[in-house]
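Take a walk through this structure, one region at a time. Keep the sequence at hand as you go.

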Amino acid sequence: MIAACATGGLGATVKRGAFTSKEYGVGVSPRVTNNPNPPKGGGRYQVGQPYTVRGKTYVPQEDPNYRAVGNASWYGSDFHGRRTANGEIFSANAITGAHPTLPLPSYVRVTNQENGRSIVVRVNDRGPYLPGRIMDLSHRAAEMLGYVNNGSAQVAVEYVGKAPLEGDDTRALLASYSGPAITGGTRYADNTNSLADMAGNFFGNLFSYADTTPEAQDQAIGTAFAAVNAMATKSPDLQAWASTVDADARTIKLGLGVFSDQANAVALAEQFAVIGSVQEEPASVNGAPATRLTLTYLKPGVAQEDALNLARKLGLNDIILY
């Protein structure tokens, strides 16, 4: 039913370097919203069907005893304001994360093994897909855990339970913080405080904007990623991670179709949000309002062939990737 409403649209792949602000797709395309604090909730509860990325099959499932230790990173600006895999809107300002198999949305406690900081995070997206990487967190969650400057950290992840679909759980998540005493903190536009020690921290005001333009937001985010890139030269862990990333294959422009039914557009956007970043923009069909979808950026570990395979699986057989 989804495929029947679509028509294809194609474009050129942009070449980008590894682990830089451009590698994260700053300014690649419009978002669902440019609000620095998109509405919370609004998605749907789902476990999901098994799916395959680069030959590895992931099986989403209920697992109340889930606990794992591995690396967590934080994901980039091109996903801010776009749909997550369960239909919520990703916000770099929210305390959220992505996991390959846990139910969406759900709560997990994430503990930084290097400094003891711990916080409950809302899991509302899929990913990452790199060996040893068990979660991607939002900028704010990584800031709370004290590893935003390092790019990644070893963490322990423990399932807590289902998360509600509606409402803003920011204050409850902030209250779940556990760890060494911290002072100061970023004052966010939603009038809450990060609790993290921002003394001498370049990232302190990265997402604390309340009245600014989307262009200014992208510039601030891009500057921050440039700083992270500079730090990567001093971090063996980040150097090793960067060497595994095929950045040229991460940027993509794949037309998914023009949809006269917004519900169909959202459903397809959620399907592709499992593997990447989906642009939604206004269009028209026979003079009536419609929505054009374009896959613009792939999550770490996802190949272009994965995008094409998903398109074929959903019946979008006429899509051609340039």
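Beyond its neighbours within four places in sequence, Pro-300 is in contact with Pro-128, Tyr-129, Leu-130, Asp-136 and Arg-250. Pro-300 sits in the loop between β11 and α7. One of those contacts spans a long stretch of chain: Tyr-129 lies 171 residues away from Pro-300 in sequence, yet their C-alpha atoms are separated by 5.9 Å. Is Pro-300 buried or exposed? Its relative accessibility is 9%, so Pro-300 counts as buried. The cut-off for buried is under 20%.

This is a predicted model. The mean pLDDT of the protein is 75. Of its residues, 67% reach 70 or more. Two stretches call for caution. Over residues 1-29, pLDDT stays under 50. The model has 87 contacts beyond four places in sequence for that stretch. Residues 194-247 also stay under 50 in pLDDT. Here the model has 107 contacts beyond four places in sequence. Where pLDDT is low, the predicted coordinates should not be read in detail.

Asp-136, one of the contacts of Pro-300, has a charged partner as well. Its side chain meets that of Arg-133 in a salt bridge, 3.3 Å from N to O. Arg-133 and Asp-136 are both buried.

Now follow the chain from the loop of Pro-300 into α7. Helix α7 covers residues 304-313. Its buried residues are Asp-306, Ala-307, Leu-308, Leu-310 and Ala-311. An α-helix has 3.6 residues a turn, so residues three or four places apart point the same way. What covers the buried residues of α7? The cover includes β1 (51-53), β9 (251-259), α6 (262-273) and β11 (288-298). After the helix comes Gly-315, with a positive phi near 90°.

Next, the barrel. How many strands close into it? There are 6, in the order β3-β7-β4-β6-β5-β8, and the pairing is mixed. From one strand to the next, the twist averages 45°. Strands of a sheet pair through backbone hydrogen bonds, either parallel or antiparallel.

Start with β5, residues 106-112. This strand is mostly covered, with 5 of its 7 residues buried. It has a partner in β6, residues 118-125. The two run antiparallel and share 6 bridges. Within this pairing, Arg-109 has Val-120 as its bridge partner in β6. A hairpin joins β5 and β6, with 5 residues between them. Gly-116 lies in that turn and has a positive phi of about 85°.

β5 also pairs with β8, residues 152-162. This pairing is antiparallel too, over 7 bridges. Val-108 has its bridge partner in β8 at Tyr-159. From β8, step on to β3, residues 67-74. β3 and β8 run antiparallel and are joined by 7 bridges. Arg-67 stands opposite Glu-158 of β8.

Charged side chains tie further parts together. Side chains of opposite charge can pair when their charged atoms come close. The structure holds 8 salt bridges. One of them joins Glu-280 to Arg-83, with the closest N and O atoms 2.5 Å apart. This pair links distant parts of the chain, 197 residues apart. Glu-280 belongs to strand β10 (residues 276-285), while Arg-83 is in the loop between β3 and β4 (96-98). Both Glu-280 and Arg-83 are buried.

The loop between β3 and β4 also holds Glu-88, whose partner Arg-122 is in strand β6, 34 residues apart. Their side chains meet in a salt bridge of 2.9 Å, N to O. Glu-88 is buried, and Arg-122 is as well. Which residues are linked in a network of salt bridges? They are Glu-88, Arg-122 and Asp-169.

Aromatic rings come last. The structure holds 6 aromatic pairs. Tyr-75 and Phe-79 form a tilted one, 5.5 Å centre to centre, with 55° between the planes. Both Tyr-75 and Phe-79 are buried. Tyr-75 forms another tilted pair with Phe-90, at 4.4 Å centre to centre and 35° between the planes. Tyr-75 and Phe-90 are both in the loop between β3 and β4, 15 residues apart. Phe-90 is buried, as is Tyr-75. Ring pairs link Tyr-75, Phe-79, Phe-90 and Tyr-297 into a cluster.

Technical notes:
Residues are numbered from 1 along each chain as its sequence is written. This is a predicted model: local features need pLDDT of at least 70, side-chain atom pairs count only at pLDDT 80 or more; totals for chains, interfaces and linings use all residues. Side-chain values use heavy atoms; hydrogens and water are left out. Buried means under 20% relative accessible area, exposed over 50%, partly exposed in between (1.4 Å probe, protein chains only). Helices (H or I, at least four residues) and strands (E, at least two) are DSSP runs, numbered from the N terminus. Two strands pair if DSSP finds at least two bridges between them. Contact means heavy atoms within 4.5 Å. pLDDT is the predictor's confidence in each residue, from 0 to 100. Axes are lines fitted to C-alpha atoms, for helices over the stretch in contact, and angles run from 0 to 180 degrees between N-to-C directions. A salt bridge is a side-chain nitrogen of Lys or Arg within 4 Å of a carboxyl oxygen of Asp or Glu. Rings of Phe, Tyr and Trp (its six-membered ring) pair if their centres lie within 6.5 Å; planes under 30 degrees apart count as stacked, over 60 as edge-to-face and the rest as tilted.
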